[in-house]
Amino acid sequence: MDFHGCNCKNVTITEGIFGEIWTDNKDEIFIDPIPKTIKSYTLVNSNRMEVVLITWGATIVSLKCPDKYGHSADVVLGFDDMTGINFTFVR
């Protein structure tokens, strides 16, 4: 993997599936009756800082930062899956 000289050699990137979007409504952007898979990417560095991004608009769904005692906490407010997200499309 090429990091373009950013010296990010201690980063682990994991790909996963966050959820799917089903739509067959003609008023929506996606008119296919097949699901759209939303992938997730988890990046963790050597200091245990962790960020989870999804491919739905490059949304950050989780950001875990360890405090001075080493306890990590998620500092992003949001949803754990696609069922809680309200889809509003702007044309």
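## Lys39 and its surroundings

In which strand is the place of Lys39? In this predicted model, Lys39 belongs to strand β2, which covers residues 36-44. Lys39 counts as partly exposed because its relative accessibility is 33%, a value that lies between the 20% limit for buried and the 50% limit for exposed.

When neighbours within four places in sequence are left aside, Lys39 is in contact with Glu15, Gly16, Ile17, Phe18, Leu53, Ile54 and Thr55. Lys39 and Gly19 stand 20 residues apart in sequence, and their C-alpha atoms are 7.1 Å apart in space.

## The salt bridge

How many salt bridges does the structure hold? The structure holds one salt bridge. Glu15 forms a salt bridge with Lys39, and the closest N and O atoms of the pair are 3.0 Å apart. The pair links distant parts of the chain, since Glu15 is in strand β1 and Lys39 is in strand β2, 24 residues apart. The side chains of Lys39 and Glu15 also make a polar contact of 3.0 Å.

Side chains of opposite charge can pair when their charged atoms come close. Glu15 is partly exposed because its relative accessibility is 47%, and Lys39 is partly exposed with a relative accessible area of 33%.

## Overall architecture

The protein has five strands and zero helices. Read from the N terminus on, its elements follow the order β-β-β-β-β. Among contacts between residues at least 6 apart in sequence, 32% join residues at least 24 apart.

Of the 91 residues in the protein, 15% are buried. The accessible surface comes to about 7000 Å², and carbon and sulfur atoms account for 55% of this surface.

## The nonpolar core

Which residues form the largest nonpolar core? This core has seven residues, namely Phe18, Ile21, Ile38, Val52, Ile54, Val61 and Met82. The elements that give two or more residues to this core are β1 (12-21) and β3 (50-54). In soluble globular proteins, nonpolar side chains tend to be buried together.

Ile54, one of the core residues, shows how parts of the chain meet. Leaving aside neighbours within four places in sequence, Ile54 is in contact with Phe18, Ile38, Lys39, Ser40, Thr59, Val61 and Met82. Among these partners, Phe18, Ile38, Val61 and Met82 also belong to the core.

## Two residues of strand β4

Strand β4 spans residues 59-66 and includes Thr59. Thr59 counts as partly exposed because its relative accessibility is 30%. Beyond residues up to four places away in sequence, Thr59 touches Val52, Leu53 and Ile54. Thr59 and Ser40 are 19 residues apart along the chain, with 9.4 Å between their C-alpha atoms.

Is Ser62, also found in strand β4, buried or exposed? Ser62 is buried because its relative accessibility is 8%, under the 20% limit. A polar contact of 3.3 Å joins the side chains of Ser62 and Asp74. With neighbours within four places in sequence set aside, the contacts of Ser62 are Glu50, Val51, Val52, Asp74 and Val76.

## Loop residues with positive phi

Arg48 has its place in the loop between β2 and β3. The phi angle of Arg48 is near 65 degrees, a positive value in a residue other than glycine. Arg48 is partly exposed because its relative accessible area is 45%.

Ala58 is found in the loop between β3 and β4. The phi angle of Ala58 is near 50 degrees, which is likewise a positive value in a residue other than glycine. Ala58 counts as exposed because its relative accessibility is 59%, over the 50% limit.

## Confidence in the model

The average pLDDT of the protein is 77, and 69% of the residues score at least 70. Which element has the highest mean pLDDT, and which the lowest? Strand β3 has the highest mean, at 93, and strand β1 has the lowest, at 86.

Definitions and conventions. Residues numbered from 1 in each chain as written. Predicted model: local features only at pLDDT ≥ 70, side-chain atom pairs only at ≥ 80, totals over all residues. Heavy atoms only, no water. Helix = DSSP H or I, 4+ residues; strand = E, 2+ residues; numbered from the N terminus. Buried < 20%, exposed > 50% of the residue type's maximum accessible area, 1.4 Å probe, protein only. Contact = heavy atoms within 4.5 Å. Core = buried A, V, L, I, M, F, W, Y, C linked by side-chain atoms within 4.5 Å. Areas by Shrake-Rupley, 256 points an atom, 1.4 Å probe, with all protein chains shown as cover. Polar contact = N/O pair within 3.5 Å; in protein donor to acceptor, adjacent residues only side chain to side chain. Salt bridge = Lys/Arg side-chain N within 4 Å of Asp/Glu carboxyl O. pLDDT = per-residue confidence, 0-100.
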